[in-house]
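Below are some comments on this structure, set out as numbered points. They follow the helix packing, then the sheets, and close with two details of the backbone.

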Amino acid sequence: MIEGIGSIRVLLLETEPNTAAEARDALAGDDRLLLVGTVADQASLLDKLGATYAQVAVVDLAGLRGDVGPAVREILARAPECCVIVTGANVAPGIVSRAVTAGARGFLLKPYEPNDFVATIREAYINFQELRRLQRIDRAPGSTARPGAVIAVYSPKGGVGCTTIATNLAVALARRSKARVALVDLDLQFGDIGIVLDLKSANSVADLLSHVGAIDASLVDEVFVRHASGVRALLAPDNLASVPAIDPERVARVVDQLRPHFQYIVCDLWSSLEELTLATLRMADRVVLVTTPELPALRNLRRVMSATGLLLQDERTLLVANRVPGKAGISLTEIERGLGRSIAATIPSEGIGITEAINRGISILDERARAKAGGSYRKLADIIAQGLEPAVVGRASRRIVPATEPTR
């Protein structure tokens, strides 16, 4: 069974027009598969990978500009969540071996029957999903010998409370296990973590970019600013003009290299589905998808989940409904039905208390805060930590329990 919302998105590199037409017809006959583009060369394939959010790339050997091994590795470097299937006629066994060694998940010898073409895509995709799942279990962080866990908080719609959730989740995790917790503002243009926690610093994530590969404890202590809760925050740059020059890939590498220095690294992402956001979502050990009980927020989230497929539809991903119950009258049951997955946690609507906490630069969990949502964040932290802590790695239950009892 193919799980997830929507059809599998297939990008085709095919040099023969007749074969491309037959492939299109075969895909059109299966409602579980969706052709998102057809190209005739490797350069065009690489250009379309990101724009189409392809989950499967079917690649004709004749369209590659060099050996199959480097070509497959280049495709996977551009889109690690994409399943690559290679096709070709009169292919030597050595080429098949090099393709598989480089990361291809299937090989289809030409000429092929339409049924074989469709079946190969479905089987390779399912096997690829399972491989990715096992790889995430194998690298589950938490023990002293493993790096820290990256937790990405994201919504494709601004204003749904991602920064509030990221901030208070970080505080709840720090209090839960007395762990070293980082809070990283990856909304490089308009990040608000500094404002929400009333923090100021001459340093930002930009100051770590020149130290990729050499981030040590002393540099972390220098660049991160400490909040009263104990959470260490890495703020967005103050200089808006400097943001376009920042390389998203280097920022993602910085986040990955913070793992040895923290038990948890909570990342507050920009709502745009741009390169840095995608890179962070790929590397994250937990993805917190935030929505509110409003049609625009639900519509945007469903579109992104459909577009990214495997990336946001596996067991790493938790759906959090903020500001519930909502005035629009959309129930939790309707949200779950519309998004095709269960709500893992709910956060109550508490505008005045939250606004007051933000204006004072304190967490909702602070005893001085009058907001009553602290219990929801503590329960969310418990859910997030499942399988990520040394005491429970390898034996934690994979069942997700709602942070609050849903109101049906």
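1. Two helix axes count as roughly parallel when the angle between them is under 35 degrees. In this predicted model, the axes of helix α9 (residues 248-257) and helix α10 come within 9 Å and cross at roughly 30 degrees, and α9 and α10 are therefore roughly parallel to each other. The crossing of this pair, α9 and α10, is right-handed. On the α9 side the contact is made by Pro248, Val251, Ala252, Val255 and Asp256, and on the α10 side by Glu275, Leu276, Ala279 and Met283. Sorted by class, the residues of this contact between α9 and α10 comprise 7 nonpolar and 2 charged, with no polar ones.

2. Which strands does helix α10 lie across? Helix α10 (residues 275-283) lies across β6, β7 (181-186), β10 (264-269) and β11, and its direction makes an angle of about 135 degrees with β6. These strands belong to an open sheet of 8 strands with mixed pairing, in the order β8-β9-β7-β10-β6-β11-β12-β13. The edges of that sheet are formed by β8 (225-226) and β13 (343-348), each of which pairs on one side only.

3. Within the mixed sheet, strand β6 (residues 149-154) is paired in the parallel sense with strand β11 (residues 286-291), over 4 bridges. In this pairing, Ala152 stands opposite Val287 of β11.

4. A second open sheet has 5 strands in the order β2-β1-β3-β4-β5, and its pairing is parallel. Strands β2 and β5 (106-109) stand at the edges with a single partner strand each, so one side of each has no neighbour in the sheet. Direction ignored, neighbouring strands of this sheet are turned against each other by 20 degrees on average.

5. In the parallel sheet, strand β1 (residues 8-13) and strand β2 (residues 33-39) pair over 6 bridges in the parallel sense, with Ile8 standing opposite Leu33 of β2. The connection deserves a look as well: β1, helix α1 (residues 17-28) and β2 together make a right-handed β-α-β unit. Strand β3 (residues 56-60) and strand β4 (residues 83-88) also run parallel and are joined by 5 bridges, and the bridge partner of Ala57 in β4 is Val84.

6. Helix α3 (residues 68-78) lies across β3 and β4, running at about 150 degrees to β4. How do the axes of α3 and α4 cross, and within what distance do they come? The axes of α3 and α4 come within 8 Å and cross at roughly 25 degrees, and α3 and α4 are therefore roughly parallel to each other. The crossing in which α3 passes α4 is right-handed. Val68, Gly69, Val72, Arg73 and Leu76 of α3 make the contact with Ile95, Arg98, Ala99 and Ala102 of α4. By class, the contact of α3 with α4 has 6 nonpolar residues, 1 polar residue and 2 charged residues.

7. Two backbone details in loops remain to be listed. Lys110 and Pro111 are joined by a cis peptide bond, with omega about -10 degrees, and Pro111 is found in the loop between β5 and α5 (114-138). Asn90, a residue other than glycine, has a positive phi near 50 degrees, and the place of Asn90 is in the loop between β4 and α4 (93-102).

Definitions and conventions
Residues are numbered from 1 along each chain as its sequence is written. This is a predicted model: local features need pLDDT of at least 70, side-chain atom pairs count only at pLDDT 80 or more; totals for chains, interfaces and linings use all residues. Side-chain values use heavy atoms; hydrogens and water are left out. Two strands pair if DSSP finds at least two bridges between them. Contact means heavy atoms within 4.5 Å. Axes are lines fitted to C-alpha atoms, for helices over the stretch in contact, and angles run from 0 to 180 degrees between N-to-C directions. A crossover is right-handed if, with the strands pointing away from the viewer, the path from the first strand over the helix to the second runs clockwise. Angles under 35 degrees count as roughly parallel, over 145 as roughly antiparallel, 65 to 115 as roughly perpendicular and the rest as oblique. A crossing is left-handed if the near helix is turned anticlockwise from the far one by less than a right angle, and right-handed if clockwise. Ala, Val, Leu, Ile, Met, Phe, Trp, Tyr, Cys and Pro count as nonpolar, Asp, Glu, Lys and Arg as charged, and the others, Gly among them, as polar.
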